[in-house]
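Trainee: I'm new to this one, so can I ask you how the labels were arrived at? Put it up and let's go.

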Amino acid sequence: MHYTYRHTMKACYLGYITQAIVNNLAPLLFIVFQNEFAISFEKIGRLVLMNFATQILVDLFAVRYADRIGHRRLVVSAHVFCVVGLVGMGVLPRILPDAYSGLVIAAMLYAVGGGLIEVLISPIVEALPGDAKASAMSLLHSFYCWGQMTVVLMTTLLLWALGNAIWPYLCALWALVPLLNIFLFSKVPLAPPLATGEKRTSIRELLKSRVFVIALVLMMCAGASELTMSQWSSLFAEKGLGVSKVVGDLLGPCLFAVLMGLGRMLYGLFGERINLGRAMLLSGALCVVCYLMTIFGTHPAISLVGCAVCGLSVALMWPGALSMTAARYPTGGTAMFGMMAVFGDVGASLGPWLAGLASDLAQESALIQQRAQATGLSLDQLGLKCGLLLGCVFPIIMLVGLMLFRKSRA
C-alpha cells in the first residue's frame with residue numbers, strides 16, 4: 001500500500017483521539033475509584049496532577065531532543081507508552097498492595113505517551129503542505145474533542161449497561177486505538193520540519209520576547225480553563241448536582257466535548273473568514289459566564305447547560321493560542337511547540353488539582369459547614385462548587401492576557 005500525506009493527517013487525527021483517551025478515561029472512573037479504593041477528592045485531583053506533571057517533564061525532554069532523536073521514533077514510542085499505561089490502569093491497582101500507587105504508575109506511563117503526542121503532532125501537521133495553517137490546526141484539535149465525546153459516550157453507556165465491575169476491561173479496550181496508530185506512524189511519510197538548524201529561533205530568543213511570554217500564560221490558562229471543567233464535570237454532576245451518572249455524563253462532559261469539537265471544526269472549515277483574536281476574546285468571556293452558570297445555577301439543568309456550553313467557550317483557546325504564536329514566530333520549530341505544550345500542561349495539571357484541593361479545604365471550613373446547614377446542600381456539593389469557582393480565575397486571566405497579546409503585537 002502506498003502511503004501519502006493524507007494518511008499522515010489521518011494518523012495525526014488518531015493521535016489526538018489517543019490523547020483524548022488518556023486524558024479523559026480516568027475522570028469517568030473517578031466515582032468508581034472513590035468507591036472501590038476509598039480515594040479523597042484531593043487524591044483524585046493529585047492523579048490528574050501526576051498525569052500532567054509527567055507530561056510537562058516529557059514536554060521539556062522533547063523540546064531539547066525531539067529533532068535529534070527524530071519525530072518518527074518518538075511518535076511511535078509515544079503510542080507504545082499509551083498502550084502500556086492504559087492496560088496498566090486496569091491491571092496494576094489489582095495486583096499491587098496499594099491500589100492508588102497502581103493508578104499513579106499507570107497514569108504516569110500513559111502520560112509519557114500523551115506528552116510526546118502533544119509536542120510532536122502539531123509540528124508534524126504544521127510541516128505538511130498547505131496554506132491555511134490556523135484552520136488545519138483547529139481541525140486537528142477538533143479530533144481531540146470527538147475522541148473525548150466517544151470516550152465519554154461509550155464508557156458511560158457500557159458501565160451503565162454492564163456494571164462498574166467491567167472498568168478494567170474498558171481500559172484494555174481503549175488501548176486498541178494507540179495500538180493501531182503504532183502501525184500507522186511507522187509507515188506514513190513525514191514532511192521535513194519547517195525550522196531546523198540555523199533557521200530555527202532558539203528558546204532563549206523566544207523567552208526574551210514579551211509577546212512569547214504572554215503566549216505561554218495564554219496556554220497555561222487555556223489548559224486550566226478546559227481541563228478543570230472537563231475533568232471534574234462528571235463527578236460534579238453526580239455529587240454536586242445530585243443527578244445520575246448516566247445523565248450527568250451525557251449532559252455534562254459528553255455535550256462539553258461535542259460543543260468543543262463543533263467549535264474547533266467550524267473554525268477549521270471557516271477560519272479564514274474569522275478574526276482569531278476577537279474570537280478568542282469572546283471565548284474567554286463566554287467561559288467565565290459558563291463557569292458561573294455551572295456553579296451558581298439554581299437548577300441542575302442550568303448548571304449542566306453551563307458545563308456543556310463551556311466546551312464551546314474553550315474550543316479555540318488551545319489551538320488558537322498555538323496558531324497565534326506560530327504565526328508570530330514562524331521559525332520557532334518543535335522547541336517552540338514544546339514550550340507551549342509545557343505551559344498548557346502546567347495549566348491542565350494545576351487547574352484540576354487546585355479545584356480538588358479547594359473542594360477538600362472548603363468542606364473543612366466552618367463557614368461552608370454553616371452554609372450547608374442553612375441551605376440544605378451537602379458538604380460535597382458546596383465543596384465542589386468552591387473548587388470550580390477557583391477554576392474560574394483562569395479564563396479571567398486569559399482575557400487580560402489576550403488584550404496584552406494584541407496590544408504587544410500592535
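Trainee: Which helix gives the most to the lining of the second largest cavity?

Mentor: H1 does, with four residues. Helices here are DSSP runs (H or I, at least four residues), numbered from the N terminus. This is a predicted model, where local features need pLDDT of at least 70, side-chain atom pairs count only at pLDDT 80 or more, and totals for chains, interfaces and linings use all residues. Residues are numbered from 1 along each chain as its sequence is written, and side-chain values use heavy atoms, with hydrogens and water left out.

Trainee: What makes a space a cavity?

Mentor: On a 1 Å grid over the protein atoms alone, a cavity is a set of points where a 1.4 Å probe fits but cannot get out; lining residues have an atom within 4 Å of a point. The second largest cavity holds about 50 Å³ of space, and its lining includes Val22, Phe30, Tyr110 and Gln231. That lining has eight nonpolar, three polar and no charged residues. Asp, Glu, Lys and Arg count as charged; Ala, Val, Leu, Ile, Met, Phe, Trp, Tyr, Cys and Pro as nonpolar; the others, Gly among them, as polar.

Trainee: What about the largest cavity, how much space lies there?

Mentor: About 120 Å³, a volume being the space filled by probe spheres set on the grid points, which are joined across faces, edges and corners. Its lining has 13 residues, with Gln19, Glu118, Tyr144, Glu226 and Trp318 nearest the centre. Here, four of the lining residues are charged.

Trainee: How do you know how many disulfides there are?

Mentor: A disulfide is a pair of cysteine sulfur atoms within 2.5 Å, and by this rule the count is zero. For Cys145, the nearest cysteine sulfur, that of Cys254, is 12 Å away. For Cys290, it's that of Cys310, 5.3 Å away, so Cys290 is in no disulfide under the 2.5 Å rule.

Trainee: Why is Cys145 called buried?

Mentor: Buried means under 20% relative accessible area (exposed is over 50%, partly exposed in between; 1.4 Å probe, protein chains only). Cys145 has 0%, so the label fits. Cys290 has 1%, so Cys290 counts as buried as well.

Trainee: What span should helix H4 have?

Mentor: The expected span is 1.5 Å times one less than the number of residues. H4 (residues 71-95) has 25 residues, so 36 Å is expected; its end C-alpha atoms are 35 Å apart, which agrees.

Trainee: And where does H4 bend?

Mentor: At Met89, by about 45 degrees, with Pro93 following within four residues. The bend is the angle between axes fitted to the seven residues ending there and the seven starting there.

Technical notes:
Helix = DSSP H or I, 4+ residues; strand = E, 2+ residues; numbered from the N terminus. 1 Å grid on protein atoms, 1.4 Å probe; cavity = no way out; pocket = protein on both sides within 12 Å on 5 of 7 lines; lining within 4 Å.
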